[in-house]
Amino acid sequence: MSGVANMSRWSDENGGLDFGLLVLRLMLSVAMGAHGLTQVFGLFGGADMAHFENLLRGYGFSHNIEFLAWLTGITEVGGAVLLALGLLTPLAAAGLLGVAISAVRVKWSGGLFGSSGPGFELELTLAAMALALLLTGPGWYALDRHTAWRQKPLGFAVGGLFLAICAAIGAGSLF
């Protein structure tokens, strides 16, 4: 056997990069997935859909609130499940990035750390995590490991970023 075949995924060559991407995917999945399950489905002691709809109204959304609430929840939970598995990573990361961009936008007037309203530091961090996964791909420990978007993620990242920005603009305009 050659030296390459015996090399583990945790080696001097990759420096734990693939493991780091797994941790990043799982942490973003936990944060966004739990948020969706809490806000929309009332799990983990969270409020129910009516509370989330009122929260969205408070952030200035005024049209099709029920649809927006469901769309947000399904995007958060579905994107989280896909990211945890490392499946359809560009689409999952783009969906979560779009939700995070929308959240930053609605909390923008509060300032980064909430000096004049709800801050957006957490949402900005979640957006950065999703963008990082768009740019890097899912890593080796993913169902996507043999796909083009893992091997050459930049083109898919550009498409995912475009999709996320359009989704955030659409949410701000349509709802």
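The expected span of a helix is taken as 1.5 Å times one less than its number of residues. In this predicted model, helix α5 is a handy case to try that on. Its 19 residues stretch 27 Å from the first C-alpha to the last, close to the 27 Å expected at 1.5 Å a residue. As for its surroundings, α5 is largely enclosed by the rest of the structure, because 14 of its 19 residues are buried, with buried meaning under 20% relative accessible area.

Helix α5 also turns up in the largest pocket, where it gives the most to the lining, with 11 residues. That pocket holds about 750 Å³ of space, and 39 residues line it. Nearest the pocket's centre lie T72, E76, V99, A100 and S102. The lining draws on several helices: α2 (17-39), α3 (49-58), α4 (65-85), α5 (89-107), α6 (121-136) and α8 (153-174) each put in at least two residues. Sorted by class, the lining comes out as 26 nonpolar residues, 10 polar ones and three charged ones.

Aromatic side chains come next. With ring centres required to lie within 6.5 Å of each other, the count comes to four aromatic pairs. One of them joins F41 and W70, which meet edge-to-face, at 5.4 Å centre to centre and with 65° between the planes. Since F41 lies in the loop between α2 and α3 while W70 belongs to helix α4, this pair ties together parts that are 29 residues apart in sequence. Neither partner falls under the 20% cut-off for buried or over the 50% cut-off for exposed: F41, at 36% relative accessibility, counts as partly exposed, and W70, at 34%, counts as partly exposed too.

W149 and F156 make another edge-to-face pair, with the centres 5.5 Å apart and the planes at 75°. Here W149 has a relative accessibility of 21% and so counts as partly exposed; the cut-off for buried is under 20%. F156, with a relative accessible area of 34%, is likewise partly exposed.

A ring can also sit beneath a charge, and W140 is a case in point. The charged end of R145 sits over the ring of W140, at 5.2 Å from the ring's centre.

Key
Residues numbered from 1 in each chain as written. Predicted model: local features only at pLDDT ≥ 70, side-chain atom pairs only at ≥ 80, totals over all residues. Heavy atoms only, no water. 1 Å grid on protein atoms, 1.4 Å probe; cavity = no way out; pocket = protein on both sides within 12 Å on 5 of 7 lines; lining within 4 Å. Points joined across faces, edges and corners; volume = space filled by probe spheres on them. Helix = DSSP H or I, 4+ residues; strand = E, 2+ residues; numbered from the N terminus. Nonpolar A, V, L, I, M, F, W, Y, C, P; charged D, E, K, R; others polar. Buried < 20%, exposed > 50% of the residue type's maximum accessible area, 1.4 Å probe, protein only. Phe/Tyr/Trp six-rings, centres within 6.5 Å; stacked < 30°, edge-to-face > 60°. Lys NZ or Arg CZ within 6 Å of the ring centre and 35° of its normal.
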